[in-house]
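Here's a quick tour of a two-chain model, written for someone who would rather look at the picture than at tables of numbers. Keep the viewer open and follow along.

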Amino acid sequence: MNKLEDQRKIYEDMDIPEELEMKVRESIKRVNKKNSIRITQKVAVAVIAIFLFFAGMVNLNQNFAIAMSELPIVGAVVQVISYHFDTVENENVNANIEVPVITGLTDEGLASELNAKYYEESQELYDDFMADMEEIIEMGGHLGVDSGYVVKTDTDDLLSIGRYVVNTVGSSSTTFQYDTIDKEAGVLITLPSLFKDERYVERISEYLILTMKEEMRIEDNKVYWVREDDFYTFETINLNQSFYITSEGKLVISFDKYEVAPGYMGVLTFEIPTEVIEDLLVSARYIK
Amino acid sequence: MLQQYLIENREAHYRMAFSYTKNKEDALDVVQDSIEKALRAYKRKDKPNHLKSWYYRILINTAIDCTRRNKRIVLMEQEKMAYFLEKEDQYMNFDLKTAMEKLPNAYKTIIVLRYFEDLKISDIAEILNENVNTIKTRLYKGLKILKIELKEDYNE
């Protein structure tokens, strides 16, 4: 009798959970999907023509009209109201998509551009969902998409809206995208626009890696992908990394689920102390 | 290619994850987290020469990270190591069935990779980021603990 063969057999006889295959396929599908959405989102911003279609839709929607009529008219105050895109629901599939609609911005052009982008992305999400539905039902899995928004900051000068998409294919993944608007000037604030040059990428990344390592050292239940010996580690933020600005004027960097840490850590945000980036800022107008 | 590899070898990957986490839920999480990491790394960097050992490095690192969360498992590992270091030369009356389970991960992983997943010693050294001699020593020790005597030459 060969003991090693016995051991091999015991090892190979280990119970394999039924859901393993589904989970593996779903994870692969999800990572692939994330990329395809990113690419189309860039294109979407340019397609302002969609807005005409959007305007028509919204006007026909009764809920939207009611919501509009209930808004107090107070000059140039920015209002964010939601427009319920569509809901599909049955046992294994559900979609719930809420689209933010910005009104009252002095710069009508910016508002309509953003609103058109939001609508276009929601439409895409919905189409994508419908396309996947049949396949998933066939596989016997669960498919869900839940999309909406949160107003992170709403001060006299700034409006930060975060739109999230929770994709549930077996287990869920979440992406967050923020838009921060200077209400007074009527401009969209991008991450590069806050800084003199691209040095901020390295500065912020270094700070984050140190912070993550320190948090892991202190707390056992925190894990970030910052092991030096691994093949996938968090090395740098993107030039246009997701971010928002708090009402106190602090920069907050956001990471999607699975971007820098295991799934159980969820969506992650890190407030960057202003002194870390102070010398690189264009001005102290937004970040204080 | 990577996607196909992940689907085809999912059970082996699950078993490896489970041997660290000792529970189903965490093992499934490790499998999913590893897929996320691998597919992202694959897009970002040069393609790996040897897919299997490349992926096992990711998988095992993810599994180790996962056990960090569960202090109990980590402590258990340390106690086991201490125990084996102490009682090295004494006869250990293991039930063969649970012998592998009781083996500390540092030894078990190497035996699994070498004899159950048919990887070369040099590949295992690469996966675990250790030198070849360390891997050989640990493999020998692991087999000794299991009271397995090899007719074949494990050095290959």
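Chain B has nine helices and zero strands. Read along its sequence, the pattern is simply α-α-α-α-α-α-α-α-α. Bear in mind that this is a predicted model. Of the 156 residues in chain B, 40% are buried. Take the contacts in chain B between residues at least 6 apart in sequence, and 64% of them join residues at least 24 apart.

Now for helix α9 of chain B, which covers residues 132-145. It has 14 residues and reaches 20 Å from its first C-alpha to its last, close to the 20 Å expected at 1.5 Å a residue. Which residues of α9(B) are buried? They are B:I135, B:R138, B:L139, B:G142, B:L143 and B:I145. These residues cover an arc of only 155 degrees around the axis, so they sit on the same side of α9(B). Just after the helix comes B:K147, with a positive phi near 60 degrees.

Two loop residues of chain B also have a positive phi, and the table puts them side by side.

| Residue | Phi | Loop in chain B | C-beta neighbours within 10 Å |
|---|---|---|---|
| B:D118 | near 55 degrees | between α7 and α8 | 9 |
| B:N129 | about 55 degrees | between α8 and α9 | 13 |

Neither is the residue you might expect to find with such a backbone angle: B:D118 is a residue other than glycine, and B:N129 is not a glycine. How buried or exposed is B:D118? It counts as exposed, because it has 9 C-beta neighbours inside 10 Å and the cut-off for exposed is 12 or fewer. B:N129 has 13 other C-beta atoms within 10 Å, so it is partly exposed.

Next, where the chains meet. The contact brings together 38 residues of chain B and 32 residues of chain A. On the chain B side, the elements giving two or more residues are α1 (2-8), α2 (10-21), α3 (24-44), α4 (51-69), α6 (96-102) and α7 (105-116). Which of them gives the most? That's α3(B), with 13 residues. Sorted by class, the side of chain B that touches chain A has 19 nonpolar, four polar and 15 charged residues.

Over to chain A, which has seven helices and nine strands. Buried residues make up 29% of its 288 residues. Among the contacts in chain A with a separation of 6 or more, 59% are between residues 24 or more positions apart.

The domain assignment splits chain A into domain 1 (20-189) and domain 2 (193-280). The contact between them takes 15 residues from domain 1 and 15 residues from domain 2. On the domain 1 side, the elements that give two or more residues are β3 (143-154), β4 (158-169) and β5 (171-182) of chain A. The largest share of that side comes from β5(A), with eight residues. By class, the side of domain 1 that touches domain 2 has four nonpolar, 10 polar and one charged residues.

Further along chain A, look at the strands β7, β8 and β9. β7(A) (residues 243-245) and β8(A) (residues 251-255) run antiparallel and are joined by three bridges. One pairing to click on is A:F243, whose bridge partner in β8(A) is A:I253. The two strands form a hairpin with five residues between them, and A:G249 in the turn has a positive phi of about 80 degrees. β8(A) also pairs with β9(A) (residues 268-272), again in the antiparallel sense, over five bridges. Here A:F255 stands opposite A:L268 in β9(A).

The loop between β8 and β9 of chain A holds A:V260. Is A:V260 buried or exposed? It counts as buried because it has 21 C-beta neighbours inside 10 Å, and 20 or more is the cut-off. Leaving out residues up to four places away in sequence, A:V260 touches A:Y224, A:W225, A:F234, A:F255 and A:L268. Two of those names should ring a bell: A:F255 and A:L268 are the residues that stand opposite each other in the β8(A) and β9(A) pairing. For a sense of distance, A:V260 and A:P273 are 13 residues apart in sequence and 20 Å apart in space, C-alpha to C-alpha.

Conventions: Residues numbered from 1 in each chain as written. Chains lettered and ligands numbered in written order. Predicted model: local features only at pLDDT ≥ 70, side-chain atom pairs only at ≥ 80, totals over all residues. Helix = DSSP H or I, 4+ residues; strand = E, 2+ residues; numbered from the N terminus. Contact = placed C-beta atoms within 7 Å. Nonpolar A, V, L, I, M, F, W, Y, C, P; charged D, E, K, R; others polar. Expected span 1.5 Å × (residues − 1). Arc of directions from axis to C-beta. Domains from an automatic or database assignment. Pairing = 2+ DSSP bridges.
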